[in-house]
Amino acid sequence: MQNELTCNQVIALMNFYVEDKLNSKLKEYVDEHLRNCPKCRAIYMRSKKIVNQVLSENPNEKYQTKQYEEFKNNISAYIDNELDEKTSVRIKKIAITNPLARKDLEDMYTFKRLLHNSFDKTKSEWKSDYSKYIINKLNQYEEIEDPFTKIIGAFAVMIMLIVIGFLATLYF
Ligand SMILES: [Zn+2]
């Protein structure tokens, strides 16, 4: 073959080859070389394995721990200061160390703030904003929710709207 690559050239291209970023011609040359060169083939197999490991490491999965489950079960109570001190400290620690938990906590605070700020708005604006927020939230989690959770969610929204309606009649 006229354009035969040397081992050094193949190794220099290895990263791109493994990630499938070479143009088809160049890829063909590397293919050809790997077929005939056990040394480069071994390097290729090793590189491929490493790249696959990195790609399959889902950063989200890493944080779906038992601790995170506990955190999710207690986040509302935590924000409302309903937990005993020991549990509260534990939940706080999880929120600091687990990015998923931290994100959830931020979302919850945003949610609370929104609820709080809403007191400054008129009754109708408040209601529509609030419903929109809940609907957005539900849509975000739709993929992972089973029908049962959805029904519970819808029910929770209904209860909240009733409570809001009740509060609204008190405040306005
Ligand atoms: Zn070689």
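Read from start to end, the protein chain runs α-α-α-α-α-α-α-α-α. That is 9 helices and 0 strands, where helices (H or I, at least four residues) and strands (E, at least two) are DSSP runs numbered from the N terminus. The model is predicted: local features need pLDDT of at least 70, side-chain atom pairs count only at pLDDT 80 or more, and totals for chains, interfaces and linings use all residues. Residues are numbered from 1 along each chain as its sequence is written, and side-chain values use heavy atoms, with hydrogens and water left out.

**Exercise 1. Work out which atoms coordinate the zinc ion and which arrangement they form.**

Step 1. Find the donors, which are N, O and S atoms within 2.8 Å of the metal (3.2 Å for Na, K and Ca); water is not among the atoms, so sites may look incomplete. Cys7 (SG), His33 (NE2), Cys37 (SG) and Cys40 (SG) coordinate the zinc ion at 2.0 to 2.3 Å.

Step 2. Read the spacing. Along the chain it is C-x25-H-x3-C-x2-C. Cysteine 7 in helix H1 (residues 7–18) and cysteine 40 in helix H3 (residues 38–56) are 33 residues apart, so this pair links distant parts of the chain.

Step 3. Check the angles. Four donors count as tetrahedral if all angles lie between 85 and 135 degrees. The 4 donor atoms subtend 101 to 114° around the zinc ion, so the arrangement is tetrahedral. The ideal angle for four tetrahedral donors is 109.5 degrees.

Step 4. Compare burial. Buried means under 20% relative accessible area, exposed over 50%, and partly exposed in between (1.4 Å probe, protein chains only). Cysteine 7 is partly exposed because its relative accessibility is 24%. Cysteine 40, at 0%, is buried.

**Exercise 2. Place serine 47 and list its contacts.**

Step 1. Serine 47 sits in helix H3. Its relative accessibility is 17%, so serine 47 counts as buried.

Step 2. Look for a polar contact (a pair of N or O atoms within 3.5 Å; within protein, one must be able to donate a hydrogen and the other to accept it, and residues adjacent in sequence count only if both atoms are side-chain atoms). The serine 47 side chain reaches the backbone oxygen of isoleucine 43 at 2.7 Å.

Step 3. Set aside neighbours within four places in sequence. Serine 47 is then in contact (heavy atoms within 4.5 Å) with Met14 and Val18.

**Exercise 3. Describe helix H5 and the residue with positive phi that follows.**

Step 1. Helix H5 (residues 66–79) has 14 residues and reaches 20 Å from first C-alpha to last. This is close to the 20 Å expected at 1.5 Å a residue, counted as 1.5 Å times one less than the number of residues.

Step 2. Locate the kink. It is about 45° and centred on asparagine 73; the bend is the angle between axes fitted to the seven residues ending there and the seven starting there.

Step 3. Pick out the buried residues of H5. They include Tyr68, Phe71, Ile75 and Tyr78.

Step 4. Move past the helix. Asparagine 81 lies in the loop between H5 and helix H6 (85–97). Asparagine 81 has a positive phi of about 60° although it is not a glycine. Most residues other than glycine have a negative phi. With a relative accessible area of 68%, asparagine 81 is exposed.

**Exercise 4. Find aspartate 20 and state its exposure.**

Step 1. Aspartate 20 belongs to the loop between H1 and H2. Its phi is positive, about 60°.

Step 2. Aspartate 20 is exposed, at 55% relative accessible area.

Definitions and conventions. Four donors count as tetrahedral if all angles lie between 85 and 135 degrees; four count as square planar and six as octahedral if opposite donors are over 155 degrees apart and all others between 65 and 115; anything else is irregular.
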